[in-house]
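Here are my comments on the model, set out as numbered points. Please read them alongside the coordinates.

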Amino acid sequence: MSFSIDTLQKLLNSLNGVLPADMGPLFVATRQQKLEAGEMYIREGDTAKKLAYLMQGIMRAYMVKESGEEATMFLRWEGQFIASHDTIIRQQPARFNYRALEETTLLEIDYDRLEEVLKEHPEFEPLRIYFLKRMLAEALDSIEAFVLLSPEERYLQLLNSRADIVNRVPDKYIASIMGITPVSLSRIRKRLQERGKK
């Protein structure tokens, strides 16, 4: 648990200068959770307001279409937050499934519990603001990439930011978040290899 506490302490200290000695109420409300590869974290229809920081592993959010086909909405990995936008922001049941793609360790807090802590300790409010801004920024980045970049450029962006992800996630999920087929992804990789890219 020491890594998760250190991470949270550094984040709060950088956001609002909150000292480690003052963080007890927040630590009491958090818990570390481990998921096995393939284990579901949030199911479509769930109403629990889970908010978690990914310490280790990769999570996939996806929707099952009427045809039975799965559409990957996004991936999250170490150093990112995972939560259902629907339950926390829209106050509605989750529309997507959130599943661990590999063994995953999370630092989790229930958002309703977080709000109770914030009422008693407003000095932690920057943490909530930071989380909501991160959710918004990640959503906007995804939209902008689809509008402004070609599939090849989006793939290169992923390689430049986290090259290891493409080796840890099945091709069909990488292709899905890019809005292309696995065959198209294979062609992109082949073109990049021919141009001397990895």
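1. How much space lies in the largest pocket? In this predicted model, about 1,100 Å³ of space lies there. The lining of the largest pocket comprises 32 residues, and those that lie nearest its centre are Phe74, Arg76, Glu138, Asp141 and Ser142. At least two lining residues come from each of E5, H3, H5, H6 and H8, and it is H5 that gives the most, with ten residues. As general background, rolling a probe the size of a water molecule over the atoms shows where empty space is left.

2. Turning to the sheet, four strands form an open arrangement in the order E1-E8-E3-E6, with antiparallel pairing. Its edges are strand E1 (31–35) and strand E6 (81–83), each of which pairs on one side only, and neighbouring strands are turned against each other by 35 degrees on average, direction ignored. Helix H4 (residues 111–120) packs on this sheet, where the helix touches E3 and strand E8 (104–110), and the direction of H4 makes about 55 degrees with that of E8. Strand E3 (residues 50–56) and E6 run antiparallel and are joined by three bridges, and Ala52 stands opposite Ile82 in E6.

3. The largest nonpolar core holds 18 residues, of which Leu26, Leu51, Ile88, Ile109, Tyr111, Leu114 and Phe131 touch the most other members. Helix H2 (24–29), E3, E6, E8, H4 and helix H5 (125–148) each supply at least two residues of this core, and H4 gives the most, with four residues. For Tyr111, once its neighbours within four places in sequence are left aside, the contacts are Lys49, Leu51, Ile88, Arg128, Phe131 and Leu132. Apart from this core lies another, of 17 residues, among them Leu159, Tyr173, Ile180 and Ile188.

4. Helix H8 (residues 171–178) deserves a separate look. Its buried residues are Tyr173, Ile174, Ala175 and Met178, and these pack against strand E4 (58–64), strand E5 (70–77), H5, helix H6 (151–162), helix H7 (165–168) and helix H9 (182–194). Among the buried residues of H8, Tyr173 is also a member of the core of 17 residues, and H8 itself supplies at least two residues of the lining of the largest pocket. After H8 comes Gly179, whose phi is positive, near 75 degrees.

5. Is Ser84, in the loop between E6 and helix H3 (85–90), buried or exposed? Ser84 has a relative accessible area of 0%, and because the cut-off for buried is under 20%, this residue counts as buried. Leaving aside its neighbours within four places in sequence, Ser84 is in contact with Ile42, Lys50, Ala94 and Tyr98.

6. Finally, Gln91 lies in the loop between H3 and strand E7 (97–100), and its backbone may be worth checking. The phi of Gln91 is near 60 degrees, a positive value in a residue other than glycine. In general, most residues other than glycine have a negative phi. Gln91 counts as exposed because its relative accessibility of 54% is over the 50% cut-off.

Methods: Residues numbered from 1 in each chain as written. Predicted model: local features only at pLDDT ≥ 70, side-chain atom pairs only at ≥ 80, totals over all residues. Heavy atoms only, no water. Pairing = 2+ DSSP bridges. Axes fitted to C-alpha atoms, helices over the stretch in contact; angles between N-to-C directions. Contact = heavy atoms within 4.5 Å. Core = buried A, V, L, I, M, F, W, Y, C linked by side-chain atoms within 4.5 Å. Buried < 20%, exposed > 50% of the residue type's maximum accessible area, 1.4 Å probe, protein only. 1 Å grid on protein atoms, 1.4 Å probe; cavity = no way out; pocket = protein on both sides within 12 Å on 5 of 7 lines; lining within 4 Å. Points joined across faces, edges and corners; volume = space filled by probe spheres on them.
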